[in-house]
Amino acid sequence: MKGFLKLFIGLCLIFILTGCIGEDYDVGVPTAHIYFEGLSSDFQLTEANISWKTASEEVEKTKKDIITYASSLDEIKVFPGQKVKLDFRENPKNGGDIWTDPKITVALLKDGERTELALDDFREFQFPTDKGNYVLEVEFMSSAGKAQYLGNILIQ
């Protein structure tokens, strides 16, 4: 009886481990969100140029004129020097949220100039103190590809 119990437990463990090994960790394009200090709500940035390929999904999306495209989006009003947290979430349409060591860049575009913003370890960055309209560009690069997100920013 003890031998049968050990065999049964051993088989159960093998089936459990086999299920973990066979699990699909294929991830889709994430969604990008920004959070403002003191507010509980967030703003989802809009996808622009995407080149993403995994075993279960391939996404190619191109926006030629990102400035015009971003200017057509709803304005996100911020204060000069305001601190913001950047977050990426699983896209409910394609699933997955495992991104191994992504490279993330944040920049503001205005009048043909690109200003890189420093991103700390907590994915926080700070808007400049110069007022005006800007295009916020966030780039997310991982082993699956590259995704670009845009926001129409008004620093007031």
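**Exercise 1.** Is alanine 70 buried or exposed?

*Solution.* The model is predicted.
Step 1: locate the residue. Alanine 70 belongs to helix H2, which covers residues 66-71.
Step 2: read its relative accessible area, which is 0%.
Step 3: apply the cut-off. Buried means under 20% relative accessible area, so alanine 70 is buried.

**Exercise 2.** Find the residues that alanine 70 touches, leaving out those up to four places away in sequence.

*Solution.* Step 1: list the contacts. They are Val135, Leu150, Gly151 and Asn152.
Step 2: take valine 135 and compare sequence with space. Alanine 70 and valine 135 stand 65 residues apart in sequence, while their C-alpha atoms are 6.3 Å apart.
Step 3: set this beside the whole chain. Of the contacts with a separation of 6 or more, 65% are between residues 24 or more positions apart.

**Exercise 3.** Describe the order of helices and strands in the protein chain.

*Solution.* Step 1: count the elements. The protein chain has two helices and 11 strands.
Step 2: read them along the sequence. The pattern is α-β-β-β-β-α-β-β-β-β-β-β-β.

**Exercise 4.** Identify the largest nonpolar core and the strands that supply it.

*Solution.* Step 1: start from the general tendency. In soluble globular proteins, nonpolar side chains tend to be buried together.
Step 2: look at burial in this chain. Of its 156 residues, 38% are buried.
Step 3: take the largest core. It holds 27 residues, and Phe127 and Leu136 have the most contacts inside it.
Step 4: assign strands. At least two core residues come from each of S1 (31-36), S3 (46-53), S5 (75-78), S6 (83-89), S7 (103-110), S10 (132-142) and S11 (145-155).
Step 5: examine phenylalanine 127. Beyond its neighbours within four places in sequence, phenylalanine 127 contacts Phe36, Val78, Phe79, Gly81, Gln82, Val84, Leu108, Leu136, Ile153 and Ile155.
Step 6: check for a further core. Another core, of seven residues, lies apart from the largest one and includes Ile66, Leu73, Leu109 and Val135.

**Exercise 5.** Characterise the surface and the largest pocket.

*Solution.* Step 1: take the exposed area. The protein chain exposes about 9,800 Å², and 56% of that comes from carbon and sulfur atoms.
Step 2: take the volume. The largest pocket contains about 170 Å³ of space.
Step 3: name the lining. The residues are Leu108, Leu109, Lys110, Asp111, Glu113, Thr115, Leu117, Pro128, Asp130 and Tyr134.
Step 4: assign strands. S7 and strand S8 (113-117) each give the lining at least two residues.
Step 5: sort by class. The lining has five nonpolar, one polar and four charged residues.

Conventions:
Residues are numbered from 1 along each chain as its sequence is written. This is a predicted model: local features need pLDDT of at least 70, side-chain atom pairs count only at pLDDT 80 or more; totals for chains, interfaces and linings use all residues. Side-chain values use heavy atoms; hydrogens and water are left out. A nonpolar core is a set of buried Ala, Val, Leu, Ile, Met, Phe, Trp, Tyr and Cys residues joined through side-chain atoms within 4.5 Å. Buried means under 20% relative accessible area, exposed over 50%, partly exposed in between (1.4 Å probe, protein chains only). Helices (H or I, at least four residues) and strands (E, at least two) are DSSP runs, numbered from the N terminus. Contact means heavy atoms within 4.5 Å. Accessible areas come from the Shrake-Rupley method with a 1.4 Å probe; for residues, only the protein chains shown count as cover. On a 1 Å grid over the protein atoms alone, a cavity is a set of points where a 1.4 Å probe fits but cannot get out, and a pocket is an open set with protein on both sides within 12 Å along at least five of seven lines; lining residues have an atom within 4 Å of a point. Grid points are joined across faces, edges and corners, and a volume is the space filled by probe spheres set on the points. Ala, Val, Leu, Ile, Met, Phe, Trp, Tyr, Cys and Pro count as nonpolar, Asp, Glu, Lys and Arg as charged, and the others, Gly among them, as polar.
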